[in-house]
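Reader: I am new to this structure. Please take me closely through one part of it, and tell me how it fits with the rest.

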Amino acid sequence: MLAIRLVCSSETAPIEGITHCGDEFGRVRAVPEWTRLERRTRMPVSFARDIKPMFRQIDIEHMKRFKVLLDDYTYMSDPSNDHSNAQDVEDRLVKKSMPPGGPYWSDQQLAIYRQWSSDGYQP
Ligand code: HEM
């Protein structure tokens with residue numbers, strides 16, 4: 001099946017309920033309103049609900065010794081140095097240097113973690 005990647009603008013078309021999106025060649029296509037609604041109504045990724053449960057108890061316990069507080073929202077969302085605590089954790093996960101020997105995070109888990117950052121590190 002041919003997949004078309006659409007880039008949508010916030011402009012709405014003259015017809016109610018239809019949004020205009022451009023495909024990769026810049027051609028305008030009309031897509032139903034629900035695609036925009038989905039984007040608008042998606043709940044932001046939450047630390048308590050989505051991020052913390054991805055760490056195992058053994059990860060949390062082992063990293064406490066190194067003052068890396070994986071289960072602590074205040075630590076993980078600390079904005080100092082451009083959110084370096086959250087960034088350093090992400091770096092290890094992406095480079096598969098943590099947890100030592102695995103199991104390494106899947107692309108989907110990493111995407112959720114990145115979305116947590118894009119959504120503004122919600123609790
Ligand atoms: C800033 C981020 C991190 C730093 C600086 C860090 C550093 C370290 C260091 C120095 C060790 C001990 C030496 C070693 O075995 O390599 C260690 C062990 C460990 N780390 Fe991390 N780590 C980080 C993030 C993580 C994350 C995100 C996880 C899990 C998702 C994790 C899970 C573990 C586990 C389970 C161990 C114990 C391994 C064992 O004793 O067999 N760490 N970490």
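**The loop after H5, and the helix before it**

Author: Pro99 sits in the loop that runs between H5 and H6. Keep in mind that this is a predicted model. The bond that leads from Met98 into Pro99 is a cis peptide bond, with omega near -15 degrees. Pro103 belongs to the loop between H5 and H6 as well. Its bond from Gly102 is also cis, and omega there is about 0 degrees. Why point these out? Most peptide bonds are trans, and most residues other than glycine have a negative phi.

That second rule has exceptions here too. Lys96, just after H5, takes a positive phi of about 55 degrees. Asn81 is not a glycine, yet its phi is positive, about 50 degrees. Asn81 is part of helix H5 itself. Is Asn81 buried or exposed? Asn81 has 9 C-beta neighbours inside 10 Å, so it counts as exposed. The cut-off for that class is 12 or fewer.

Now the helix. H5 covers residues 80-94. How far apart are its ends? H5 has 15 residues, and at 1.5 Å a residue they should span 21 Å. The end C-alpha atoms are 21 Å apart, so the two values agree. There is still a bend to find. H5 has a kink of about 45 degrees, centred on Gln87.

Look next at what H5 hides. Its buried residues are Asn85, Ala86 and Val89. Ala86 and Val89 are both in that list. In an α-helix, residues three or four places apart point the same way, because there are 3.6 residues a turn. The cover over the buried residues of H5 includes helix H4, residues 73-76, and helix H6, residues 107-118.

Then there is the ligand. It has 15 residues around it. Which come nearest? They are Asp59, His62, Asp88, Met98 and Pro99. Met98 and Pro99, the pair joined by a cis bond, are thus familiar names. Two elements each give two or more residues to this shell: helix H3, residues 57-64, and helix H5. By type, the shell divides into 11 nonpolar residues, one polar and three charged.

Step back to the whole protein. There are six helices and three strands. From the N terminus, the order is β-β-β-α-α-α-α-α-α. The protein has 123 residues, and 9% of them count as buried. Take the contacts between residues at least 6 apart in sequence: 36% join residues at least 24 apart.

One more positive phi lies beyond H6. Tyr121 is in the segment after H6. Its phi is near 55 degrees, and Tyr121 is not a glycine. Tyr121 counts as partly exposed, because it has 19 C-beta neighbours inside 10 Å. A buried residue needs 20 or more.

Last, how far can the model be read? The mean pLDDT of the protein is 83, and 67% of the residues reach 70 or more. Residues 10-18 have a pLDDT below 50, and in the model this stretch makes 11 contacts beyond near neighbours in sequence. Where pLDDT is low, the predicted coordinates should not be read in detail.

Conventions
Residues numbered from 1 in each chain as written. Predicted model: local features only at pLDDT ≥ 70, side-chain atom pairs only at ≥ 80, totals over all residues. Near = placed C-beta within 6 Å. Helix = DSSP H or I, 4+ residues; strand = E, 2+ residues; numbered from the N terminus. Nonpolar A, V, L, I, M, F, W, Y, C, P; charged D, E, K, R; others polar. Expected span 1.5 Å × (residues − 1). Bend = angle between axes of the 7 residues up to and from the residue. Contact = placed C-beta atoms within 7 Å. pLDDT = per-residue confidence, 0-100.
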